[in-house]
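The following exercises concern the surroundings of a bound ligand and the division of a protein chain into domains. Please work through each task with the structure in view before reading the solution.

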Amino acid sequence: TNPTSSIDTNINPDIQSIANRIKNGEATRIVVLTGAGISTGAGIPDFRSPITGLYDRLAPLGLPYPEAIFHINYFSHTPEPFYAIARARHPRNLKPTISHAFLALLAKKGLLHFLFTQNIDGLEQDAGVPSDKVLWAHGNWKSQHCYKCSAHYPDHLMKKAIMSGDVPYCLQSGCDGAVKPDVVFFGQSLPAEFEEKEKEVPDADLMFVLGTSLKVAPCSRLPGLVKGGTPRVLINMEKAGDIGNRGGDVCILGTCDEGVRKLADALGWRDELEGLWADA
Ligand code: APR
């Protein structure tokens, strides 16, 4: 294999061994965890990559620390910075990447047990992953409420606010709360469903982790729940978490799009994958 695209450590089984496991039916309950790195190819910057990541570009907003922009306490008194960047994070009419299409292909072949995504862009569903197979651990843009009184806020007014960058305020008389999309901010709890679905992770017979630094709990704990002996495949620009430390782990370092294409080639799924992506 050419040095720039090979697996970073030669002790792990290579991409072909993962493909063989899928082809010979040893992997039929695949659990996937995705993060911002799977959507950078669609035009949405991630958070922690140096320079290009969102957290390196917030200096002009005068935040106490970068992640404050997504903290509920900070939002409750200063919602402006969040709306200053909302447009750049909103999926608007972005096309999913071939990596999102790979997840839809796994689902189409009945191999996707469940997908946990940390992303709020909804591109997995746009690529064709059935919504009953996805848990948006950090919520998504699909609805919005007043952070103070929880009153629902109209979609068309929210769209206007996201595009203009102006903070939308609650329409209920006597309430001055800022409206927040139903995404999980730091300081808020994850959807109750997360705990249930987390219990199913040990049933996985293969885990893919795509485009995440594994820095934020509780999603960062998911790879550790996989039973010993079940391969965990990281497709990421850099090592993340403890993936690579277990015997069966595989680290495919590079972009998600390169990694899923290599996997598709090894599986003999490349044409089907490119076709599915073209239709997304
Ligand atoms: N291909 C593969 N990996 C990529 C790509 C790409 N095209 N682009 C970026 N990456 C990698 C980065 O190297 C990094 O390891 O994806 C990872 C992205 O990490 P983060 O920016 O920390 O994003 P994520 O892990 O999703 O953050 C988790 O933190 O800010 C909160 O709630 C927010 O859901 C987010 C959570």
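**Exercise 1.** Determine which atom type of the ligand a backbone N or O atom of Cys256 approaches, and at what distance.

*Solution.* In this predicted model, the partner of the Cys256 backbone atom is a nitrogen atom of the ligand, and the separation is 2.9 Å. A polar contact requires a pair of N or O atoms within 3.5 Å, so the pair qualifies on distance. As the next step, consider the cover of the ligand: the protein covers 93% of the 730 Å² of accessible area that the ligand has on its own.

**Exercise 2.** Identify contacts made to oxygen atoms of the ligand by Phe47 and Asn236.

*Solution.* For Phe47, a backbone N or O atom lies 2.8 Å from a ligand oxygen atom. For Asn236, a polar side-chain atom is placed 3.0 Å from an oxygen atom of the ligand.

**Exercise 3.** Describe the shell around the ligand by class and by domain.

*Solution.* Begin with the site: the ligand occupies the largest pocket. Of the 22 residues around the ligand, Arg48, Tyr55, Thr212, Ser213 and Glu238 come nearest. By class, the shell comprises twelve polar, seven nonpolar and three charged residues. Finally, domain 1 (12-43 + 96-138 + 189-280) and domain 2 (45-90 + 142-183) each supply at least three residues to this shell.

**Exercise 4.** State how far apart the C-alpha centres of domain 1 and domain 2 lie, and how many residues each contributes to their contact.

*Solution.* The C-alpha centres of the two domains are 28 Å apart. Eleven residues from domain 1 and six residues from domain 2 take part in the contact.

Conventions. Residues are numbered from 1 along each chain as its sequence is written. This is a predicted model: local features need pLDDT of at least 70, side-chain atom pairs count only at pLDDT 80 or more; totals for chains, interfaces and linings use all residues. Side-chain values use heavy atoms; hydrogens and water are left out. A residue is near a molecule or strand if one of its heavy atoms lies within 4 Å of it. A polar contact is a pair of N or O atoms within 3.5 Å; within protein, one must be able to donate a hydrogen and the other to accept it, and residues adjacent in sequence count only if both atoms are side-chain atoms. Accessible areas come from the Shrake-Rupley method with a 1.4 Å probe; for residues, only the protein chains shown count as cover. On a 1 Å grid over the protein atoms alone, a cavity is a set of points where a 1.4 Å probe fits but cannot get out, and a pocket is an open set with protein on both sides within 12 Å along at least five of seven lines; lining residues have an atom within 4 Å of a point. A molecule sits in a cavity or pocket if more than half of its atoms lie within 2 Å of its grid points. Ala, Val, Leu, Ile, Met, Phe, Trp, Tyr, Cys and Pro count as nonpolar, Asp, Glu, Lys and Arg as charged, and the others, Gly among them, as polar. Domain bounds come from an automatic or database domain assignment. Contact means heavy atoms within 4.5 Å.
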